[in-house]
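Here's a quick tour of a protein, going from the outside in. Have the viewer open as you read.

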Amino acid sequence: MTPSDGYLLDNRQDEAGRRFDAFAALFDPTTFRHLEALGVGPGRRCWEVGAGGTSVVSWLAERVGRAGQVVATDIDTTRLAPAARPPVEVRLHDVGAEEPPGEGFDLVHARLVLVHVPDRDRALRSMISSLRPGGRLLIEDADPALQPLICPDESGPEQRLANRLRHGFRELLAGRGADLSYGRKLPRLLREAGLHGVAADAYFPMTSPACTTLEAATVRQIRDRLVAAGLATDAEIDRHLANVESGAMDLATAPMISAWGYKP
């Protein structure tokens, strides 16, 4: 899968940086809490799958230190360049189509990645095969079907428009092979793959400045596709963006489900 092929939200587009910043603000505290609980420390070898931005990679690099290693991979490594120094190694890699970039990892982590990967089963097998015995896997992914609305409190025309555009976004994702109910499947999939000690939780931000930033950046990034597919007009998108930027709406995200386990 090339950067412009299956993935709807190209990392090279101007709005991608704002989306990564919003993801970091929304989800880094949850991710770091889980990574810390899984025992990331000096000398560990980690694979960050579909890294996208640098926030998680930089956190891992600080924890593992010079004696450790962080392999950061993505189908587009444009935004990973600032992190490409020891102990971080940046590689262009498609987790759903290529062999793992190494073996014997102490930790493998992917956040908001597999929902977009057409061959998710292969990707999951690849990540598990790269773990050493006792190594930990942490997968964090969205479940848009579990909570499909950008405005759960649909109290007026602004919220109804927002939810209609969100429905259009979900149609575009599904049309490109995204599994909109993937997050809820993670605990079962990890158990079926043979991992032990499987557990999971979910984080669901309801209202946050980062939610506003994320929504504006996402809609700008996909507006041409929404219009081309007949899912919205330019006038509707302009009106929605003005509503978003007014700060008067409570915007949510899909729940992010975190699931983890270890390889026996």
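## Surface and charge

About 11300 Å² of the protein is exposed, and carbon and sulfur atoms supply 50% of that. Keep in mind that this is a predicted model.

As for charge, the protein carries 31 positive and 36 negative charges. Take the mean position of each set, and the two points sit 4 Å apart.

## Overall dimensions

Along its principal axes, the C-alpha trace spans about 55 × 35 × 30 Å. The radius of gyration is 18 Å, which agrees with the value near 18 Å that a compact globule of 264 residues would have.

Burial fits into the picture here too: 55% of the 264 residues count as buried.

## Fold layout

You'll find seven helices and seven strands in the protein. Walking along the sequence, the order reads α-β-α-β-β-β-α-β-α-α-β-α-α-β.

What about contacts across the sequence? Looking at those between residues at least 6 apart in sequence, 74% join residues at least 24 apart.

## A closer look at E215

Where does E215 sit? It's in helix 6, which covers residues 209-228. Is E215 buried or exposed? Its relative accessibility is 3%, and buried means under 20%, so E215 counts as buried.

Setting aside neighbours within four places in sequence, E215 is in contact with I150, R166, H240, V244 and L251. Take V244 from that list: E215 and V244 are 29 residues apart in sequence, yet their C-alpha atoms are 7.7 Å apart in space.

Conventions. Residues numbered from 1 in each chain as written. Predicted model: local features only at pLDDT ≥ 70, side-chain atom pairs only at ≥ 80, totals over all residues. Heavy atoms only, no water. Helix = DSSP H or I, 4+ residues; strand = E, 2+ residues; numbered from the N terminus. Rg over C-alpha atoms; globule rule 2.2 N^0.38 Å. Buried < 20%, exposed > 50% of the residue type's maximum accessible area, 1.4 Å probe, protein only. Contact = heavy atoms within 4.5 Å. Areas by Shrake-Rupley, 256 points an atom, 1.4 Å probe, with all protein chains shown as cover. Lys, Arg positive; Asp, Glu negative; His and termini not counted. Charge placed at Lys NZ, Arg CZ, Asp CG, Glu CD.
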